[in-house]
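Colleague: Could you walk me through how to read a few features of this one? I'd like the general idea, then the case at hand.

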Amino acid sequence: MMEKGMMSGAEILMESLKAEGVSTIFGYPGGSIMPVYDALYDYTRGARKCFEHILVRHEQGAVHAAQGYARVSGGVGTVIVTSGPGVTNTLTGIADAMIDSTPIVVIAGQVGIGVLGTDAFQEVDLITVAQPICKWVCQVRRAVDIPSLISKAYYLARAGRPGPVVIDLPKNVQTEHAEYVPKPVNFVRSYIAFPQAKRENLLAAAELINNAERPFALVGQGVELGNANAELLCFLEKGDIPAGRTMLGLSALSSEHRLNMGMLGMHGNLAPNLKQQEADVVIAIGMRFSDRVTGNLKTYLKQAKVIHLDIDNAEIDKNVKADIAIVADCKESLPALTELIRKRAHTEWIESFKPLAETERSRVIERAIHPTDGPLLMGEVAHVVSEVTNGMGVTVTDVGQNQLFATRYSRYLTRRSIITSGGLGTMGYGLPAAIGATFAEHGRPVCVFMGDGGLQMVIQEFGTIMEHKCPVKMILLNNNFLGNVRQWQNMFFEKRYAFTHMLNPNYGDICKAYGIPYRRVWKREELRSAVEEMIGTEGPFMLEAVIREEDDVMPMVAPGASVSEMMLESKD
């Protein structure tokens, strides 16, 4: 007879997740995780109900949905899957979360400890496979250890620089009985999650900023991850410092703020890309100097003193040498630096951005969002969606031209309003990420921009939308091409369109099968009414926009080129 107060490992897991404040779980059951799902049954209904479980249609969908949930909520996304192919299907999402610093916990079933290493059915060495692409991976060996290890997993996922954590849970541990004793973890002895900024470095940085004539800030996602939007604003306004934003940092600073000079990077805005090469002091805040931002490192910021604020010491000097490093949470380091800088006015320097912005507006932007003839363009669709939502929606993208046009031509007026795959560039990310976002956001519309290629990688998640009535507003920018690859083939491979043209299905029939409202638009005069119908419809909606097939995202920094060499037009 089982002792009073004893619980199965699966039940202990439920209580441990409950203690961590988990409310939403994305998952898919299978043989090695069945005891957990049996326990989950009681925790999703009746008097013990505390979780909502979202049954996805593929495990990759589960982990991307958890990413979208985490990015909007500011919390940790939770995934439960089975062993073998169940967990290997999550690896792309885990790698994506790692490079984009997204806090998720993936709990995977595993074969029993007694048969580990025997090539048992659906066994995979998860520890070895996951270790290079996650923040921490652990195999639970005893039911009694579940509370402390789960608490440690959530602590590590969200503490310091966030990231994915993977828990390997053998089946016999799920059925083993032990007493549930909560063991909260709020520090790990070998991990300094929140380093303290050195006073001398803050003073040195302030001196550089105070003496700068042409300061420029590079704002990354670290500001959002650190919940430091207000602190960033105080810093920029006191120093009168213009700023460029990385793609993942787009909503860290309002699109309409006078100090916002636009997006950095390969397909960013002309003014911030060129003017950063004239700055005498560059302040990088919560960004990692990705190659898509820097272009050719041999010519990047050679004229400037570089101050780098980041919580992760591993990012300091990794790509760009910092003259002064401030390793700390920007929630703490920005106010400390703001206190030390003088109130300045850099009117002439800020005004010098405007001619470049006007050049881009007249030669690129107006043509992209206000065309007068021909087929619809991706830029104008994104622009109209942003206008109809008043810049207050959550913009989710897949990867490719849809991502680049959507990020360029959407407005970001509220925090945590951009969800996209930055570092890994994962096609198929957008739809499940948007599904996850709807479970974290119940006020703003969640609008996901997708190409026909990325959608078809995860189109099975229409089933998740159907079952859970997820209010995802889907904008399919359909040009019958793998658009971004086609653009590169056009510009750098003599228009040799090798296997980028796509034969597409009838998306209207597919939406009908899943009970999803659908509208197809190809006439410019019908675009706004179609978008208004989409936003005004309760629940999910797909708007398929028939797009010009050969439409290039410009400006562009060619691979290997300097950011000073932005092209405004694609070469034929």
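Modeller: Sure, labels before anything else: helices (H or I, at least four residues) and strands (E, at least two) are DSSP runs, numbered from the N terminus. Residues are numbered from 1 along each chain as its sequence is written, and side-chain values use heavy atoms, with hydrogens and water left out. This is a predicted model, where local features need pLDDT of at least 70, side-chain atom pairs count only at pLDDT 80 or more, and totals for chains, interfaces and linings use all residues.

Colleague: Okay, backbone oddities. Where is Ser-101, and what is its phi?

Modeller: Most residues other than glycine have a negative phi, and most peptide bonds are trans. Ser-101 has a positive phi, near 55°, and sits in the loop between helix H5 (91–99) and strand S5 (104–110).

Colleague: And which residues does a cis peptide bond join?

Modeller: Met-554 and Pro-555, with omega about 0°. Pro-555 belongs to the segment after strand S20 (541–546).

Colleague: Now helix packing. What should I look at?

Modeller: Two packed helices are described by the angle between their axes and the distance between the axes. Axes here are lines fitted to C-alpha atoms, for helices over the stretch in contact, and angles run from 0 to 180 degrees between N-to-C directions. Take H3 (residues 59–73) and H19 (residues 430–438): they pack at about 50° with axes 6 Å apart. That makes H3 oblique to H19 (under 35 degrees is roughly parallel, over 145 roughly antiparallel, 65 to 115 roughly perpendicular, the rest oblique).

Colleague: Which residues of H3 and H19 make the contact?

Modeller: With contact meaning heavy atoms within 4.5 Å, H3 brings Gly-61, His-64, Ala-65, Gly-68, Tyr-69 and Val-72, while H19 brings Pro-432, Ala-433, Gly-436 and Ala-437. By class there are six nonpolar, four polar and no charged residues (Ala, Val, Leu, Ile, Met, Phe, Trp, Tyr, Cys and Pro count as nonpolar, Asp, Glu, Lys and Arg as charged, and the others, Gly among them, as polar).

Colleague: At what angle do H1 and H7 cross?

Modeller: Roughly 40°, with the axes of H1 (residues 9–19) and H7 (residues 146–158) coming within 9 Å. H1 and H7 are therefore oblique to each other. From H1 come Gly-9, Ile-12, Leu-13, Ser-16 and Leu-17, and from H7 come Ile-146, Pro-147, Ile-150 and Tyr-154. The tally for H1 with H7 is seven nonpolar, two polar and no charged residues.

Colleague: Thanks, that covers the backbone and the packing for me.
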